[in-house]
Structures are given as structure tokens and as C-alpha cells.
Amino acid sequence: MKSEKLTKVILFLSSLTILLVASGMIYSLAGGSVLAFKTFGIKFIYTSVWNPTEGSENYGALAFIAGTIITSVFALLVCLPLALSTALFIGEYYRDKPVSRIVGTMVDLLAGIPSIVYGLWGFYVLRPLIVDLGLSPQGYGIFTSGIVLAIMIIPYATSISTEIIKMVPNDLKEAAYSLGATRLEVITNVLIPNARSGIFASFILAFGRALGETMAVTMLIGNANVVPESLFATGNTMASVIANQFGEADGLKLSSLIAIGLLLFIITALINAAGKFIIKRFS
Amino acid sequence: MDKPIVDIKDPVLRIENLHVSYDGIKNSVTDVSASVKKHAITAIMGPSGCGKSTLLRAINRMHDLYPQIKTTGKIFLNGDDISSISNIVLRRKIGMVFQRPNPFPTMSIYDNVIAGYKLNGFSLKKHERDEIVEKSLTDVSLWNEVKDALNKKGTFLSGGQQQRLCIARALAFQPDVILLDEPTSALDPIATAKIEDLLLELKDKYSIVLVTHNMAQAARISNFSMFMYLGELVEYGRTKDMFTKPVDKRTEEYLTGKFG
Ligand SMILES: Nc1ncnc2c1ncn2[C@@H]1O[C@H](COP(=O)(O)OP(=O)(O)O)[C@@H](O)[C@H]1O
Ligand SMILES: [Mg+2]
């Protein structure tokens, strides 16, 4: 009886701690960004100047918001066909076969590789390749970091879509087969339409991961504080500009970086909530 | 063979020495031979796990979807060996209705009925599609209930309506045979009675094979009955004969409720 009470107290306190940490973080993010928003107002979100010269300091987040969205959308577009085919391979065509277990393990392995290792690979393997192909002089930029980002989010999109695909009831597939459908017809007319919202949500969640991914992107994107002009141009994402500049920032610049952090947090939270909501409705 | 095999002339289906094994070791259907009469309802009865579904699914070669399942023996549809027909063509000639009503949840009632045509990539003119939909839904006495809701999802219907929709879907290709695997086990008595009446009407046009674990249902609507036990076809005959004077002791025990 007594130990049960104790357990309850411990559980309650732990949950309370988590709650406090989370709200404390939001509070300090919001508090830290007050100066930036007071100085620049809502304009902060849609201007792209980044001028740290003392006396004429002026900051706006647009270049980084644009950089984030462009790299993430590009990564998503590259990831989509690969992840969807792999999910169909594991979850339908070779379901429960040894080969799908091997591929599934490889996918999980990809998910476990630390961001910095992807960054290194991108820096020493992909970047020289891009230079050799003549796509960009230094090999840095949206394209390079987007490709690495795509590889990084493939495991998330794949493993969630695989689960969703496996959840499509077998008797629906059998009903289609019993009408004389071929395997491809079953996949395109029954499997994918039934798994559609879940697959969509898995890509939203993968997109959410891409938005906040920092290390590998920081190493590859080229750190230019401007709205990128092309796929091969350099840029900065919200996460990478913070990583690049927080060490030497104080005052208004620090507040601006924290404000970018707050915006990133809000965007990511909204995207994740949307993805989870759709998944929940699906199952 | 001393098994009582009824003599059926010009059968729609002829099954010869059929064996089906899920694991390559144990047979779930053992040496079944039987002919199925045209334009009649043939019931397959027996306790749960005796191989009824396994036998039924051999007829439209559903087992081919699972390479580990081993099937031997022959089945003839109107005299043609089904192994010489492609699965796709075969399954258009043999419709199937499942235990749980399973209309395609992403499709409207209308699209569910013509799903067979859509899935197979047939392009029909609108009036042809409309005709097929109306005729198939009329055949299952669902037309009057749903004619104003054809664009609604099939999953909004009641269980009994959904099952009739699934029958309509199976009928849309005008198959020779309809296989039904315990189609009323998920339905209430009123919906069950409607499906039974419907099957009695349909048998004028189609040959029906009905798996049921409900003896009373077999007695009510079937013309011929098979009794299966442990994978074997123990007894096969006119339903009237089987229920009044079963030949095999196991059939008698089953019919008198000693097991099952
Ligand atoms: N997918 C399967 N894998 C392995 N064994 C199965 C499978 N389906 C059925 N069986 C076995 O085959 C036998 C017959 O099953 P089934 O044909 O479903 O019986 P019924 O329909 O008469 O209840 C049972 O012993 C069952 O355990
Ligand atoms: Mg069964």
C-alpha cells in the first residue's frame, strides 16, 4: 500500500519535471527573442537582411526560412520515390521474406548513423563529386545538403510507410485478387489508396525531421545569409545559421538567433502535430 | 473409393483428388473429389478448422497468392482444367464473397460494384457502367436502398447491405460460379435471412458454393451438401438425404450436435 503511494508520487514528480523543463524551454526561447521582435516587429519574419555591422545592425529571418524550406522540400522530393518503393518492397512484395528483413535492417541502420557522420560523408564524398560534375565550384549548397538530408530522412519515411502498408487488411487485397486483379493493380487501386493518408503522414513526419536537421546541413550548405537563388547556390537554414553564429553572438544578434530558434520550434511542432494527427486518424 | 459421390451430370465444377497443404507436411484438404451441380446451391459444412475455406479457396486458386501453399489434384470449370486458364481470367469466371463484408473503403458504392472492371483496366462507356451497376445492385436487391447514394462510400452501409454490395461486386462480371465463405456469420438474423433469400434467387443464374458452419442454413437453402471432417470430404449428397439419413457415422454425429 505504502509502496504504491510512493510509486505514484515518483511518477507524478517525474512527469511534472518533464512538463517544467518543456515549458521552461519555451519560456526562455520566447523571453530570449523578445528583443528581436521588439526591435524589428513582425517584419523580422519576412525580411532577409543580415547585417551585424555595429551601429546599423539589422536582422531578418527570411533567408533562413527560405533556405530551410527549399532544402527540406528538395530532400523530401528526392526521398519520396525511394522511400515509397522501399516501403512497398519490404511491406508488400517481399513481406515476411528474409530479403525484406535484410533491407529493413539496413534501413534501421541508416537511421542510427549520427548526423556528423552523414556530414563527413557529404563533405568528403558527395561534395567533390558535385565539383567534378561541374554543378557548383565549391560543391557546397542547397543541392548537396538536400541530397544528404534526403538520405537521412529516408529511414523515417520508409519505416513508417512500411508499417502503414502492412496495416492494410489482407481481405481487401484478397477481394481485389478475387476479382482478377494483378499484383500491380492491387497495389495501385487498393493498397496505396487505403494507405494514402498514412503514407502522406509519414512523409510529413520525415519533412519535420528535415526541417530541424543541423549538423550535416551546417557542414554542407555553404553558410551564405541570403535567399538562395538556385538549387546549386549556397545558403543557410534556420538550424545551420544558429549553429554557425551562436558562439560569437550577443545582444540583438543573439536575440535574433533565438527568435529563429523559436520560429523553427513552432514550425516543426506544427508539422509533427499534423503528421501524428493524420496517423492517428488512419489507425 | 468407397466415398459416397453423387452422380452429377454436366457439372460446373469437377474436383479430382485435391490436396492442399499450408506447410508441405500436413494436408488441410485431403484427397477431395466431387462434382458441383450447375445452377444449384452446394453447401460445405463441417466443424471449424476442417478445411472448408481451404477447399473453397482452391477453386479460384487463391492459394496461388501464397507460394508456400502446395496444391495438388485437378479442378475443372465447365470441363476446362483451371490450371490451363490464367488466374486473372479464372477469377473473373468465379466470384468470391468473404466472411467479413469487405467493400473497398476508399471507393463509392458505384465504384465498388464496377471494381472488377476498373481493377482489370476495362474502359467502359458511362452508360455501360451505369447499366452494370444498376443490374448488379438490382440482382442483390440493393438498388432501391442505395440508388440515391451511389457516390457515398460503401462502408457507410449496414453490415448486411455491405455484404450484399460485395455480392453485387462479385456478380458484376457475370461469373459462372460464386464462392461464399460463411457470408452471414458476421450478420444479424434479419440480414442473414435476406442474404439467404437472395442466394435462392441467384441460383437460377449462377452456380453457388456456400461454406457454412451453420447446419440450419445449409438445410434451409442448399440443394447439395458436403460434410468435411479433418480435411476429408466425409459425405456428399442431396441435402435432404444427408439430413434425413446420413450414411457416415461422423456426419450423423455432427448433424446431431455431438461435435462442432
Ligand atoms: N494460412 C494458414 N496457414 C497455416 N495453416 C492454415 C492456414 N489457414 C488454415 N490453416 C489450417 O488449415 C486447416 C483448415 O483451415 P480452414 O480451411 O480455414 O478451416 P475451416 O474454414 O473449415 O474452418 C486448419 O487446421 C487450419 O489451422
Ligand atoms: Mg473458414
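This report describes chain B, the residues around ligand 1 and the side of chain B that touches chain A.

The model is predicted: local features need pLDDT of at least 70 and side-chain atom pairs pLDDT 80 or more, while totals for chains, interfaces and linings use all residues. Residues are numbered from 1 along each chain as written, with chains lettered from A and ligands numbered from 1 in written order.

Chain B contains 11 helices and 10 strands (DSSP runs, H or I of at least four residues and E of at least two, numbered from the N terminus). With 260 residues, a compact globule would have a radius of gyration near 18 Å, and the 18 Å of chain B agrees with this (taken over C-alpha atoms; the rule is 2.2 Å times the number of residues to the power 0.38). Of the 260 residues, 47% are buried (20 or more other C-beta atoms within 10 Å of the residue's own, placed from the backbone).

Ligand 1 has around it B:Tyr22, B:Ser28, B:Gly46, B:Ser48, B:Gly49, B:Cys50, B:Gly51, B:Lys52, B:Ser53 and B:Thr54 (C-beta atom, placed from the backbone, within 6 Å). Helix α1 (residues 52-59) of chain B gives the most to this shell, three residues.

On the other side of the description, 18 residues of chain B are in contact with 16 residues of chain A (C-beta atoms, placed from the backbone, within 7 Å). The largest share of this side of chain B, four residues, comes from α4(B).

The table gives both sets by class (Ala, Val, Leu, Ile, Met, Phe, Trp, Tyr, Cys and Pro are nonpolar; Asp, Glu, Lys and Arg charged; the others, Gly among them, polar).

| Set | Nonpolar | Polar | Charged |
|---|---|---|---|
| Shell around ligand 1 | two residues | seven residues | one residue |
| Side of chain B that touches chain A | nine residues | five residues | four residues |

Key: A residue is buried if 20 or more other C-beta atoms lie within 10 Å of its own, exposed if 12 or fewer, and partly exposed in between; C-beta atoms are placed from the backbone. Two residues are in contact if their C-beta atoms, placed from the backbone, lie within 7 Å.
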